[in-house]
Every structure is written in structure tokens, then in C-alpha cells.
Amino acid sequence: MLVYRLSGTLDNEELTAALWEAGAGGLEERQGSLRAYFDERSPLHEYPELAGGEWLVEPDRDWQADWKLGLKPVQAGRITVVPSWLADEVPATQTRLIIEPGMAFGTGHHATTRMAIEALSALELQGERVLDVGTGSGVLAMAASLLGAERALGLDIDPLTIPVAFENAELNGFTRTAGGLTRPGGGLLDFAEGTLDGESYDDSERYGVLVANLYAELHDLLAADYREAMQSGAPLILTGILENKLPLVREALEREGFTDVQERLDGEWALVTARN
Ligand code: SAM
């Protein structure tokens, strides 16, 4: 097994994007180091951001099986997120959300996903239209739908995430229809490739809740678009924000006229809520 080890964490999108592009088959974080698994030595000199690491040859290991073994159900608000093989372990008092861990971010194990589900759980979503920007595995749009949203739409600029989100929805009993997916018992869910540019979705529609797990700089850029996409007075839930980047998000929301800005932390990660 061929491993390229360098200092860094899975949160560093610049490093992880370069490693995937260079042909890594899997990434892992251990004690402040990023470990990227390769089938063959990739010419990493094309990626200056990956300089300073070292190649290691290690005994073969079924790392995917190891990683899966470590996954436990995650309780967040009224939802428990579980991988499919642990679906029976969810207490009856909780709503079960099955995610097949795979290509897209959003197994529920990251603090940001957990905090976003908790914030959604604290809202009354019956009859609401919810927009999830940066849906990844579809976890937040699905959580909103399972919590009663009349319609939920998940957008993502990464085309690979959309089929993954559809598959996860089907694992949760949603059925595909011409217009997206239907939740057992009612409620519509859909996923589309794109962002808040008015091309990927019907931007004449105003949403009753907007949730986005992205990163602080992007929240700053998108803050005006969030307002445009939301009904007046609607709650906004933003996460993916490192604590030291909170001022950037706070200033963006104040600049755009959001009110009732509140923050909470889980380790180094922050969640910000506000009203349009
Ligand atoms: N919503 C999931 C969760 O909470 O676990 C996944 C969040 S993941 C941190 C961020 C996702 O946002 C990625 O799937 C990425 O492709 C997507 N993304 C990044 N920039 C975006 C943008 N400008 N518009 C829409 N999606 C974007």
C-alpha cells in the first residue's frame, strides 16, 4: 500500500482537492497528518501545495472496512444519522436518517453537519420550503424533509454529489417522481447541480428556511444571494465556519441587513443563525 503523508487536516480544502486531483484513492487524517492512499506514485511536483510530504510503503490494509467499523450513529436534535448497516440501532423516539458513507461530504459525523441538523430540529418545519446550499450527501435537505418540510431542495456545485444524494434519499424511503422525490406520507424533495445563481433552480421562489454548510469566505460572497432567496423574516442557518472566521460572517450578515444574529460553537467550528 502506497501512502503520501503530509502535514495538514481533512478540513484543508486546498490540500484535499489537490490530493484527489493527483489521483488519491482515499484520504485519512491521523494526529495532524493527512494520509493519501495511491495505487502508484503520482507525479506530485505538479501540485506545489503538496510539497513537503513523504511517500511510505505500508502493509496492505482494508482501510475502507476499518473506517466503516468506526462509524457510529449520530444523534442530532430530533434526527439520528446512521449508516445503512446500523439502521436498526436507532431509538424509536428518534427520526432515522440513513446515509451510505461514500463520495459526498455529510455522514453526520462532522460537527458542522450535526449543528445544522440541531438547528433545523429546533424549527417548526411543517409546511415550510427549505433550501440547502452545498447539499453534499443530501443530509440537510433530507433532515428538513423528514422534519416535515413541505418542500426541500439541495443544491451543490459538485455534480458527483447529486446522484449520491438521490441514492441516499431512496435509502430513506423517498420515491423518485418526474419532479424529484416524494417522502413517504407526503412532502417533496429534490437535488440539483448548481448554486444560488438563478440558473440551477427557480429563483422566483422564496424559501422559508435556508441552510448552508459551506465556509466563511463563501458565506460572505453569497450573503446577498441568501437574502434574495429567502422570505422576509425567514431563519438562516450557516455553518462550516471556523471560529476565527466568525467576524467575516457576522459582518456580511450585518452588511446585508440580517437581524437576530446568533452564534454557537462546537470545538473550533461555529454555527450562525439569523433572520432575513
Ligand atoms: N450539507 C452537507 C453537510 O452539512 O454535511 C455537506 C456540506 S460540505 C461541507 C459542502 C458542500 O458544498 C460540498 O458538497 C461542495 O461541493 C458544496 N459547495 C461548495 N461551494 C458551493 C457553492 N458555491 N454552491 C453550492 N455548493 C457548493
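**Close-up views of a predicted model**

**View 1. Strand β12 in the lining of the second largest pocket.** The largest share of this pocket's lining comes from β12, which contributes four residues. The model shown here and in the views that follow is predicted. Two strands, β9 (151-156) and β12 (188-193), each provide at least two residues of the lining of the second largest pocket.

**View 2. Space and residue classes in the second largest pocket.** The second largest pocket holds about 210 Å³ of space. It is lined by 16 residues, and those closest to its centre are Arg151, Ala152, Leu153, Gly179 and Asp190. Sorted by class, the lining of this pocket consists of eight nonpolar, four polar and four charged residues.

**View 3. The residues around the ligand.** The ligand is surrounded by 18 residues, of which Thr113, Gly134, Asp156, Thr195 and Asn213 come nearest. This shell comprises seven nonpolar, nine polar and two charged residues.

**View 4. Contacts of ligand nitrogen atoms with the protein.** Which residue offers an N or O atom of its side chain at 2.7 Å from a nitrogen atom of the ligand? That residue is Thr195. Polar backbone atoms also take part: one of Gly134 lies 2.8 Å from a nitrogen atom of the ligand, and one of Thr135 lies 3.4 Å from a nitrogen atom of the ligand. On its own, the ligand has 600 Å² of accessible area, and the protein covers 87% of that area.

**View 5. The cavity of the structure.** Rolling a probe the size of a water molecule over the atoms reveals where empty space remains. How many cavities of 30 Å³ or more does a search of the whole structure find? The search finds one. The largest cavity contains about 30 Å³ of space. Its lining is formed by Ile99, Glu100, Pro101, Gly102, Ala104, Gly106, Thr107, Ser137, Val164 and Asn168. By class, four residues of this lining are nonpolar, five are polar and one is charged.

**View 6. The two domains of the protein chain.** The domain assignment divides the chain into domain 1, residues 2-66, and domain 2, residues 71-275. Taken over C-alpha atoms, the centres of domain 1 and domain 2 are 29 Å apart.

Technical notes:
Residues numbered from 1 in each chain as written. Predicted model: local features only at pLDDT ≥ 70, side-chain atom pairs only at ≥ 80, totals over all residues. Heavy atoms only, no water. Near = heavy atom within 4 Å. Polar contact = N/O pair within 3.5 Å; in protein donor to acceptor, adjacent residues only side chain to side chain. Areas by Shrake-Rupley, 256 points an atom, 1.4 Å probe, with all protein chains shown as cover. Nonpolar A, V, L, I, M, F, W, Y, C, P; charged D, E, K, R; others polar. 1 Å grid on protein atoms, 1.4 Å probe; cavity = no way out; pocket = protein on both sides within 12 Å on 5 of 7 lines; lining within 4 Å. Points joined across faces, edges and corners; volume = space filled by probe spheres on them. Domains from an automatic or database assignment.
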